[in-house]
Structures are given as C-alpha cells and as structure tokens.
Amino acid sequence: MDILKIVPEPSIFHIEKDKKYPFDGFSNFPLFLREEFNIPYGRWKIEKIERGGNGISIEDGVVRIWGDEYVGYATIIQIIKQTERYIPALKLEEKFNFSFRGYHLDIARGGVPTLKTFKGILRWLFLLKYNYFGIYFEDLFPWKYDPQIGKGRGRLTGEELDEIIGYGKKLGIEVFPSLELTGHMEHILTLPKYREYSEWHRPWEGCLDLSNSRAREFAINLLEEVCEYFPSHYIHIGGDETWALGRGKSLNKRWIFRGDELYKEHYKDMINVVSEYNKKPIMWGDMLTGVYLTPDERKRWSHVLEDNLWDRVTIANWDYTKGDKSHFLKIIDSFGETRKLNQIVAPGLSDWNTFYPNFETALINIKNFLDVAKEEGIRGFLLTSWGDDGKESLFSFLDPLILATMEIAEGNSKWEEKWKILADENDEVLRARKLFGGSPIATPLLKRALFGNTKSFNISYTLPISPLSEKEREEYKEKVENVLSNIGDSPLPSDLDFIKRLGEVSLLNIKNRAKKEDFIELSERYAKLWLEERKAEGLERAIERFWGLAGMVDIFG
C-alpha cells in the first residue's frame, strides 16, 4: 500500500504517518456485507457514533463511523481492498454535493441483465456511494394486468424483481421504476390488441393516442400496478420525445393540433396517481421546455411549462452533448429560477448505437453538466445508459465511467488511479479502454465500417446503415490503425479483446479483405460475452448482422 485512494475523494483525509495496526477482520461487520464483499472475521470492531456529516476514524482494533452507515461501510471496504494485513490510523470526512446520486439503466431495448449482473451493478453502485438505481422497463415489468406484455423479450419475473429491490435495499440503494406511458411505447403498441391505442397508424412509432380515453385509462392501469408493486419513494413516469403526439389519430378527429394540451392533461392524471400512492413522480424535462423542438413548435409548447403542475414533480433534465458550461447553464436555467430545486440533471454515458461507449463525449458531458449543477445548487444527478439500436455496448464497459461520474460529482475528478485500484487493473488495460473510447471505434462509424461497406453491396438489419464515404474511410482507417498500433499485443480481458477484434475486422472490411470466417468469429465471441451478463432474449437481433454479412461474403466472395 502506497497511498490510499477513496472514491469519491474525501473532504478531509488525514493518515497518521508510520502508524498502522495489524488487521485480521471484523467481529461485528454486517453479515450481508461481510458475505457479499468477502470481509474476514477477526478481532476488530465497528463503533457507530453520533456526529454531524459522514466519516470514519481508525485506531487500533476500532473503526468508528458516523453519518450514513452505507457510505461508511463502502469506505471501509475500499480501504480493506487496498491493504493487506495492516490498516493505517486515519480520519476522514465525506461531504456530498448531491443528495440524489443515481444511475438509470435501459433494459428495454437490448439484453436484459441476469440476476447475477443486476447484483454486480448494485454492488458497484454501493461501493461508489450511489444511492438510487432506476430501471427503465418499457414493457419488461412483470405485468399482472396483461402477462402478454413483454412476453418473449426476457422481461423480469416477479421473483427476480423482488430480489433486485431487496438486494438494493440491503446496500442502501433505492431501486425505482422508470416507465414510458406516452411515447416510446412501441413494444406494447405493436401488440395486436393495443394497436388501436397508437397515435399513428404505424404503431412502431410508439406514441399513445391521448385523445382516446381508453388508451389513457390503459396507461393509468399500468402505472397503478407499478405504484402498488414498488416500495420506492420515486416513480419515473417518462414523458420524453413525444414528438408524434397530436399529429396522428388525435389530429384527424378535429384537424386541430392538441398535442400540448393532451400531454398536460395526461401527465396531470399520472402525477395524481403517483401522489395518491404517497410517492414522488420523476419525469423527463425536454417536452416541457421544447428544447429539442423546432422554434415554431417550441412556441406552441411554451405555455405548458408555465403550469404549476410541474412543481409537483422532480424534473430529470437530460442533455448528452459535449457542450461547454455555458450550454449547460442554459439547459438548467430553462426551467426557471424557482424550479432549480425540482431538478436533477441527467448526463449520459454515450453507449447507445455503438459497441463501445464514447469516453470522450461522455466525460465532457458528465463533467460540464455536473460542474454547473454543483455551482447552481442542483440537488441530484441521474447518470443514464440507453439501449438505442439494441444495447450492443456491454454493461462491463460502463463500470469505469460510472466510477468517473462519482469522482467528478463528489471528488477531485481524478478517477483513473482509483479505477485501477478498485478494478484491480493495470496501466495497459486502462490505456486500451481510453484509446478505444476516444476513437471511431466508440462511434456509429464502427458499425458503418463493419456493416455498411461489404464490397459492392450494402446489407442492413434493424436500422439502415450507410457505407463510409471515401474521405470517411481514409480518416477511419488512419485513426483506428493508430489505436490498434498503440495497444499492440498487450493482454486484454475478453470483452476488450473483442472490441480490438471488431476494430481489426472493420479495417479488413473497408479494404474489401474481410472473410466470412471473420464475421462468424465476431458473432460467436459476442454471443459468449452477451450470455455472460444477459438473458438470451435479444441476442438474435444483436448478432444477425454478423451472420448476414458472413452469408453475403460467402455468396458474393
């Protein structure tokens, strides 16, 4: 042990030089935490004391903790992980800028984590001192209202969800549901019996027809079931990107656009339902400000934000760009001065529509958004991971960014050394992670190089993929070759080694040298990694592109 590293960096951290004590384990460490984190049994004791703030102090045989005991235990576990037979005398205090420190995971548009993976995510969140975990279900909640909803898509069973909620509670983490009951309902509205509730005649767009009283009643019934089920204080009721609202069946009835009014009426009903269950609603804020609408549409929606209805919700204010601090100040200010206390900011991991998260975009987004949030006194953050285009990015790739977010939010932003210690990872592997994350491999360009440019034909499954232009191809080739050259033959864990191979095959493909065996190999390796962390449902969508290309190469040579 050289210098102890704690996530996040404590506000006060004093280690007594050359003063350390033999450590053999604890006699009264909480049994659940002892078993989950392999804490040895020994002579040492934990003493809880009354004192302001959060902190721990260590003397021979005694660790005193005060404040949030989960924070204290997580800090102790971090210390034990870095020491062997001796623990130094020390005192540290921890202060948090954000009372709400959350992580939000989309399980609806890719593979559903196994119970083992969920528990691993929760253990990591606990160790890093997150206190909220939102699960974005869409249709994958264990519905009793209609068991056909989500059937065949790997939805969670009641037993699995109970265990996830209970496991989180034992770690001091509130697990709460994140729903979509207006937009993003395509997996429900495409079921034959619910197509009549779709705003558009093409239900794959996923917007509920809020001019249909039966459709609204249907959404309320689903919400009530979730409110009854979850013991959480928070219920996320969605509300983002409802761009189709008011433009389909509801428009046809009177030929008058009423999307804004229908939105407000529907969300008033849902907010009332959540309140009746003595819970607090969270909702996305983009439609309230119209931030991603055209200027004309924004004017049409402007009166919606003026309603005091939104004072009853926690607004999850999302933005995933690489904007500077002035950009994020505008995003936060867009709800008005009086609503700053109602906000939590929601940066993103940039892990959608790609096999690997874009570290460069994610870290700029997270740092600038959270830095401004701290300056403006925002009370919380909700780090988001989305599954657009099938959630191809493995959950294992997100762990360093989840750590970095907490260190940026509550520490000194210096996350790399702490990641190496807590993840037990060497410099070469961390370097590879960052190189991949700052290259075209971590962008949709990778998929275009792989799937959009196979000799003279273009094959596409699920979403259209265009080939790279000549200029893009040359730039991609240069940058990816440079990354692979810098990584060299360094041994990598299996998930990162797969990303390296993806990069290699993408280069072969744009040179028209990829073989069917290359795509079959990628398919087999990816399937194995997928099944190590997810249920099988959804895998076929993720690998069909590999098999499709293997077949095309075999046919056309």
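Visitor: Why is D139 called buried?
Guide: D139 has a relative accessible area of 1%, and buried means under 20%, so D139 belongs in that class. Keep in mind that this is a predicted model.

Visitor: What makes D139 and R153 a salt bridge?
Guide: The closest N and O atoms of D139 and R153 are 2.6 Å apart. The rule asks for a side-chain nitrogen of Lys or Arg within 4 Å of a carboxyl oxygen of Asp or Glu, so the pair qualifies. Both residues lie in the loop between strand 7 (132–136) and helix 4 (158–170), so the bridge ties together parts that are 14 residues apart in sequence.

Visitor: And R153, why is that one called partly exposed?
Guide: Its relative accessible area is 22%. Partly exposed is the class between under 20% and over 50%, so R153 fits there.

Visitor: How do you know that R247 and E297 meet in a salt bridge?
Guide: Their N to O distance is 2.5 Å, and the cut-off is 4 Å, so the pair counts. R247 sits in the loop between strand 9 (234–236) and helix 7 (249–254), while E297 is in helix 10, so this bridge ties together parts that are 50 residues apart in sequence.

Visitor: What separates K367 and D371 by about one helical turn?
Guide: They are four residues apart in helix 12 (residues 359–375), which means about one helical turn between them. Their side chains also meet in a salt bridge, at 2.9 Å from N to O.

Visitor: Are K367 and D371 buried or partly exposed?
Guide: K367 has 33% relative accessibility and counts as partly exposed. D371, with a relative accessible area of 14%, is buried, because the buried class is under 20%.

Visitor: Which residues are joined into one network by salt bridges that share partners?
Guide: That network holds D497, R501, E504, D518, E521 and R525. Among these, D518 is placed in helix 19 (residues 516–533).

Visitor: Why is D518 called buried, and which residues does D518 touch?
Guide: With a relative accessible area of 11%, D518 falls under 20%, so the word buried applies. Not counting residues up to four places away in sequence, D518 touches R501, V505, L508 and R513.

Visitor: What makes E306 exposed?
Guide: Exposed means over 50%, and E306 has a relative accessible area of 65%, so E306 is exposed. This residue is found in helix 10.

Technical notes: Residues are numbered from 1 along each chain as its sequence is written. This is a predicted model: local features need pLDDT of at least 70, side-chain atom pairs count only at pLDDT 80 or more; totals for chains, interfaces and linings use all residues. Side-chain values use heavy atoms; hydrogens and water are left out. Helices (H or I, at least four residues) and strands (E, at least two) are DSSP runs, numbered from the N terminus. Buried means under 20% relative accessible area, exposed over 50%, partly exposed in between (1.4 Å probe, protein chains only). Contact means heavy atoms within 4.5 Å.
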